[in-house]
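Let's take a friendly walk through this model, chain by chain. Please keep the structure open beside you as you read.

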Amino acid sequence: MMLASLIIVPLAFALFIAVGPERSAARVSLVGMLATLGLSILAAFAFDWGFGGQFQFGMSVDWLPGLGLTLSLGVDSVALMLVLLTAVLGPVCVLASWTAITERVKTYYAWMMVLQAAMIGVFAARDLVFFYICFEFTLIPMFLLIALYGSTNRMRAATKFFLFTFTGSVVALAGLLYVAWHHAQTRGVWTFEIDALELAARTLPPHVQALILGALLLGFAVKVPLFPLHTWLPLAHTEAPTAGSVILAGVLLKLGTYAIYRFVLPFAPEAVIEYAYPLAVLCTIGIIYGGLVCWVQTDVKKLVAYSSVAHLGFCMLGMFALNHAGVTGSVLYMLNHGLSTGALFLLIGMMYERYHTRSMKEIGGLGARMPVWSTFLVFFVMASVGLPGLNGFVGEFLCLMGAFQASDAWGAGLWGTTPGDSTVGGTRGSLGPWVAAVAGTGMIIAAIYLLYMVGKVVFGTLREPPGHASHADHHAGDAHRAAGLPVDLTRREIGALAPIAALCVFLGVYPKPVLDAVQAPVERTVTTIAEARGKPKFRPPVELAPPAEHAAEGAHP
Amino acid sequence: MSDALTLAQQGWPAAFPAVTLAHYLFVSAAMFTVGLIGFLTRRNLIIMFLCTELMFQAAGIALVAFGRYHLDFSGQTFVIFILTVAAAEAAMALALVVLLFRKRETLSADEWTEMKG
Amino acid sequence: MIDRIEFLWPEIALFVTTCVVMVLGLSRRIESRRMTALVTGLGLIIAGVLAARTTPIPGPRSGQVLLPELIPYAKVLIASVGSLLLLLQAGTVDRAEEAAIAAGQRPYDPLRTNRAEYYAFFLFSLTGLMLCASADDLIWLFLALELTSLPTYIMVAMSTGRARSREAGVKYFFLGALGAAVFLYGFALIYGGTGSTNLNAIHAHLAAHGLNLTALAGFILAFLGLCFKIAAVPMHFYAADVYQGAAPQVSAFLAFVPKAAGFISILLLTATIGWSYAADAQGPLYTPITQSAYDALEGAVSMGLPEPIRVFLWVIAALTMTVGNVLAILQKSVKRILAYSSIAHSGYMLVAVLAGPNNGTFSQSGLAAVLFYLLVYGVGNLGAFAVLACLEGRPDADGEPAEIEDVDDIRGLWKTRPLLAWVMTLSCLGLMGLPPLLGFFGKLPLFTSGLAAGEIVLVVILGLNSAVAAYYYLRLIKASLIDPPSDADLPATPTPFATRTLAGVLSAAGVVVLAFVGGGLMDRSERAARYTSMMAVAPPPPPRKTPYVPGDDTPFPLPIPIGAR
């Protein structure tokens with residue numbers, strides 16, 4: 001019930017907003033988001049973190065039995081942390097839209113609540129089709145948020161976003177359904193329960209697993225986005241309203257990484273092992289390419305958008321390292337990126353609300369004008385760069401370490417080791433120090449472009465867009481004065497940023513609770529991979545469809 | 001019965017020893033093809049309608065021939081129904097053509113120009 | 001034979017209603033003439049109830065041995081979608097005439113009013129559609145198909161006062177006659193090849209002797225002719241012109257009724273051929289094609305239609321989806337977009353026809369998928385057309401109100417008519433197949449049945465096409481829900497018929513609500529799709545367990561409920 005209420009409460013609030021008056025929409029929405037946050041914190045307390053690898057709060061209700069579709073929910077520690085991330089960013093987004101949204105307010109907040117419910121649904125789903133339904137349903141609210149409240153080019157951005165992700169996920173659906181069908185063939189039961197399908201998928205021969213991998217990656221890598229499929233992201237980010245960008249960077253991209261963590265690794269382990277190297281190369285290209293593109297940006301928002309491409313490259317690199325350090329880092333990175341990049345988008349939105357420009361050519365030296373804002377910007381840039389002591393560092397370091405260790409050459413006499421020597425921490429895999437080294441330069445590039453941005457925007461001589469007041473208080477007619485915004489941040493805005501900042505510091509200084517909590521689920525994933533490594537490449541085809549009464553014994557591989 | 005079957009399949013009555021099922025089918029197929037080609041190439045609405053009638057009747061000939069071949073009456077029954085439907089269609093076709101003719105004063109299908117795309 | 005009457009009561013009820021309506025429409029009293037629509041509705045409801053009360057008795061009594069439980073489902077579906085369509089038809093004909101009579105400008109002249117004829121044609125067509133569902137004989141099927149189509153030609157021609165509609169009617173009629181001639185010739189060849197017009201007898205013949213060339217040619221021609229009814233590729237080109245020329249409410253009718261007739265006929269014919277047969281081929285055309293897992297399982301049974309017919313339908317399905325979607329993208333007119341989208345939907349359904357019954361469960365049976373998708377598509381499409389039928393432009397010189405044509409005409413509906421904007425949005429999202437709306441649950445079995453039959457390539461084509469389709473549905477959603485109102489001099493105003501709005505709202509509500517409570521409908525369609533064949537059949541469906549028994553098949557510890565610890 002805990003999880004069901006986490007989905008139902010936002011939906012109910014969406015309904016309240018839709019039928020309620022226009023004026024109170026924002027306030028009702030804030031209450032709804034806070035209620036969701038409260039519930040999720042309650043869930044976090046009720047959750048038994050000692051058994052983080054198990055799916056807790058399980059529930060299952062028949063939905064459409066003809067299709068084998070149940071509404072079954074459950075979270076392990078990874079999923080719960082992502083639910084928490086979603087719940088934390090919710091109120092922040094509402095606060096960020098407080099003054100920015102002036103037209104069709106009801107529609108905006110109602111869809112925001114629906115989006116919140118759908119995102120929580122993705123993380124909480126234990127039924128494949130229910131997962132897919134939530135995954136797809138995030139498209140409509142996001143499409144509308146961009147298309148209705150974005151900037152000039154919004155329609156193109158929204159359409160591109162929708163079509164890219166929709167196309168990808170339809171192909172992914174075909175892959176997932178294939179697994180379900182395979183399960184029905186071998187077990188005689190038509191079900192979409194993820195646990196059951198996981199086991200069935202692993203009995204698939206490697207070449208079929210490769211097809212599944214391809215289909216799933218086509219769908220989920222678009223969402224992440226992985227390098228060649230990333231083109232929708234900068235456009236969508238630049239055109240989206242601030243809260244839209246925050247949700248997009250903070251949670252929606254995590255849907256992709258989470259789906260890869262939850263489905264690709266356990267469903268097609270042998271194929272992932274086989275193709276880990278090319279995938280890691282794609283990630284690395286994404287890291288370097290994203291970084292270099294950031295370097296030449298003048299639009300601050302676009303810069304942060306491209307930095308997401310690079311950052312998620314790290315996240316995926318850790319995942320494809322397929323070892324303990326890498327996957328842990330990757331999971332951690334999901335949280336960290338959601339916090340720090342979300343906050344950066346918030347800050348840029350606040351700046352845009354005041355100056356109506358995002359071009360580094362037109363603004364600069366804001367440190368003098370907006371000291372609080374600048375402090376926060378520098379702080380979150382540091383977090384994003386991966387300064388030790390802040391949250392970005394731990395995840396990034398673990399991802400790179402995972403990639404570094406994941407080489408079959410460890411223990412085979414290369415890299416100065418002797419065969420069988422695991423004391424240096426080597427794990428099996430096809431990545432190795434070279435990949436890590438190349439990806440590591442991405443960190444340096446990230447430091448360069450982000451600090452360069454900070455240098456331009458915060459420090460140096462004060463530049464404000466032409467026509468903008470050099471002394472705002474002398475020009476009462478200015479847009480931001482009209483919106484009731486002072487020069488520097490309001491308490492509402494600080495209230496939105498401060499909790500994120502606190503979380504960043506906490507996760508940076510003392511990541512141990514989180515690291516401990518994700519141990520068990522990560523261990524499970526890594527074990528799956530290790531088992532898959534042990535399997536012979538060529539094996540006789542699976543025994544098909546035992547009669548129903550033997551189904552239970554057939555389960556354990 | 002079995003005698004009659006063999007006889008029919010050999011092309012009875014003997015007065016036309018050379019006429020077999022294949023001949024009827026050939027005529028029917030030829031009519032169908034002529035009708036189809038006519039429908040696709042001619043532009044006069046009346047002629048086009050006659051072509052569809054030709055195709056209907058081609059099916060009728062085939063049905064009668066098959067009915068005789070199988071010594072079964074459902075083929076011939078089918079033809080009666082086809083004739084009825086064809087009559088209904090003819091009435092409708094003429095009504096529609098007259099309706100269009102009043103407005104356009106032409107019977108050419110090339111005048112269908114209102115909708116494009 | 002007399003037993004069959006009990007399966008024909010719905011048709012008989014509809015026919016009697018038709019006669020009553022025709023007489024009522026000639027009444028001098030305007031109140032009586034107004035009753036026609038009401039009586040039509042009553043007739044439909046009675047027919048629906050009668051159909052629902054029909055007990056499907058497997059066996060020759062109902063006439064249908066192959067699909068013994070098809071009749072009740074199909075007829076109830078027809079009656080319910082028919083009722084929605086009827087709501088949409090309000091004020092289609094005689095609008096100006098009745099207004100003039102009411103205003104006392106003109107005396108009542110029975111020759112100038114068409115109301116009764118219009119509703120009579122409407123009912124005749126639905127009667128034909130129901131008869132299609134009860135058909136067990138080629139003659140019957142032919143007559144039923146013609147009874148379905150002939151009235152629609154006239155309905156198109158009389159739907160508006162514009163020349164465009166007459167043109168559309170004539171075009172529809174001529175191409176329809178061509179289609180009819182083609183499937184008629186096909187029927188003749190099937191009869192020639194198998195020696196019977198009875199579908200069960202034909203099936204028995206095929207089961208015993210295999211498929212000969214004459215019958216094969218007959219089936220191919222019959223499918224080709226039926227492609228006209230479902231607007232599938234080689235015979236699709238009329239659809240856009242006719243839908244555009246007809247009034248939107250008639251287009252909605254065309255998009256459902258002939259299409260349903262075509263699909264039911266195609267299902268009957270494919271059921272006659274059979275999707276499964278002994279693998280030790282009877283006749284050269286029965287070479288097994290699809291290596292489904294059942295091959296390995298049983299060794300004796302092969303799944304799939306005979307290769308030539310499979311290839312034929314495969315190509316038609318792939319082309320229909322692709323052509324429909326690609327052409328829809330290029331259109332400006334809303335009606336043409338919907339017309340091409342309806343072509344594409346035919347392609348989707350053909351995938352499931354090709355897949356066949358498999359093991360007969362809802363998630364794998366293509367027949368159930370088609371029958372369920374007919375409902376999904378019918379409801380979604382009706383909503384989209386209803387929005388067009390609810391709007392009109394300023395009257396032109398002849399007093400005929402302009403129609404909603406371009407996508408631009410529905411811009412800014414959210415501001416002027418928010419209800420219609422939402423109807424449009426929900427219908428489009430439903431047709432797009434976006435979860436969690438009904439369209440998704442309609443499309444899911446199309447995917448799974450295709451996969452179960454081993455048609456992986458076709459399923460991928462289906463998936464890609466669904467993605468392409470998203471583009472033009474998004475255009476419609478964008479226009480109605482996002483764009484600011486257009487400032488053109490032809491603002492769309494609502495038509496004065498509340499029932500049309502009601503039809504739209506009902507179908508939009510159906511798209512949402514049925515997604516959550518549609519389980520019963522799925523079971524019904526699964527039952528309706530029960531296929532009994534004289535040929536070697538696939539193994540019976542495994543007993544359906546509860547989908548997930550925790551602890552049954554997972555080595556991982558179970559979810560721990562909070563209270564349990």
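A residue is called buried here if 20 or more other C-beta atoms lie within 10 Å of its own, exposed if 12 or fewer do, and partly exposed in between. By that rule, buried residues make up 61% of the 557 residues in chain A. Please bear in mind that this is a predicted model.

**Chain A: helices and a hairpin**

Chain A holds 21 helices and 2 strands. Of its contacts with a separation of 6 or more, 78% are accounted for by residues 24 or more positions apart.

Helix α1(A), residues 2–19, is a good place to begin. Its 18 residues should span 26 Å at 1.5 Å a residue, and its end C-alpha atoms are indeed 26 Å apart, which agrees. The buried residues of this helix are A:L3, A:L6, A:I7, A:V9, A:P10, A:F13, A:A14 and A:I17. In an α-helix there are 3.6 residues a turn, so residues three or four places apart point the same way. What do the buried residues of α1(A) pack against? Their partners are the helices α2 (25–46), α3 (77–96) and α4 (105–124), together with the strands β1 (56–64) and β2 (69–75), of chain A.

Those strands, β1(A) and β2(A), run antiparallel and are joined by 6 bridges. Within the pair, A:M59 stands opposite A:L73 in β2(A). The hairpin has 4 residues between its strands, and A:G68 takes a positive phi there, near 75 degrees. Strand β2(A) is mostly covered, with 6 of its 7 residues buried.

**Backbone details worth a look**

Most residues other than glycine have a negative phi, and most peptide bonds are trans. Here are some places in the model that depart from this pattern.

| Site | Feature | Value | Location |
|---|---|---|---|
| A:F57 | positive phi | about 55 degrees | strand β1 of chain A |
| A:R104 | positive phi | near 50 degrees | loop between α3 and α4 of chain A |
| A:V224 and A:P225 | cis peptide bond | omega about -10 degrees | A:P225 in the loop between α9 (206–223) and α10 (232–239) of chain A |
| C:P435 to C:P436 | cis peptide bond | omega near 0 degrees | C:P436 in the loop between α17 (418–432) and α18 (438–452) of chain C |

Is A:F57 buried or exposed? With 21 other C-beta atoms within 10 Å, A:F57 is buried. A:R104 has 18 C-beta neighbours inside 10 Å and therefore counts as partly exposed.

**Chain B: helix α4**

Helix α4(B) covers residues 74–104, which makes 31 residues. From its first C-alpha to its last it reaches 44 Å, close to the 45 Å expected at 1.5 Å a residue. Among its buried residues are B:F78, B:V79, B:I82, B:E89 and B:L96. The buried residues of α4(B) pack against α3 (45–70) of chain B and also against α6 and α7 of chain C. Just after the helix comes B:E105, with a positive phi near 60 degrees.

**Where chain C touches chain B**

How many residues of chain C are in contact with chain B? There are 35 of them, and they touch 33 residues of chain B. On the chain C side, the elements that give two or more residues are α6 (138–158), α7 (163–194) and α10 (238–245). Helix α7(C) gives the most, with 18 residues. By class, this side of chain C has 19 nonpolar, 9 polar and 7 charged residues.

**Inside chain C**

Two packed helices are described by the angle between their axes and the distance between the axes. The axes of α1(C), residues 5–24, and α2(C), residues 30–53, come within 8 Å and cross at roughly 175 degrees. Angles over 145 degrees count as roughly antiparallel, and α1(C) and α2(C) are therefore roughly antiparallel to each other. Residues of α1(C) in this contact include C:W9, C:L14 and C:V21, while those of α2(C) include C:R33, C:V39 and C:L50. The residues of the contact divide into 13 nonpolar, 5 polar and 1 charged.

Our last stop is C:P306, in the loop between β2 (301–303) and α13 (307–329) of chain C. C:P306 is buried, with 25 other C-beta atoms within 10 Å. C:P306 and C:G210 are 96 residues apart along the chain, and their C-alpha atoms are separated by 9.9 Å.

Methods. Residues are numbered from 1 along each chain as its sequence is written. Chains are lettered from A and ligands numbered from 1 in the order in which they are written. This is a predicted model: local features need pLDDT of at least 70, side-chain atom pairs count only at pLDDT 80 or more; totals for chains, interfaces and linings use all residues. The expected span of a helix is 1.5 Å times one less than its number of residues. Two residues are in contact if their C-beta atoms, placed from the backbone, lie within 7 Å. Ala, Val, Leu, Ile, Met, Phe, Trp, Tyr, Cys and Pro count as nonpolar, Asp, Glu, Lys and Arg as charged, and the others, Gly among them, as polar. Two strands pair if DSSP finds at least two bridges between them. Axes are lines fitted to C-alpha atoms, for helices over the stretch in contact, and angles run from 0 to 180 degrees between N-to-C directions. Angles under 35 degrees count as roughly parallel, over 145 as roughly antiparallel, 65 to 115 as roughly perpendicular and the rest as oblique.
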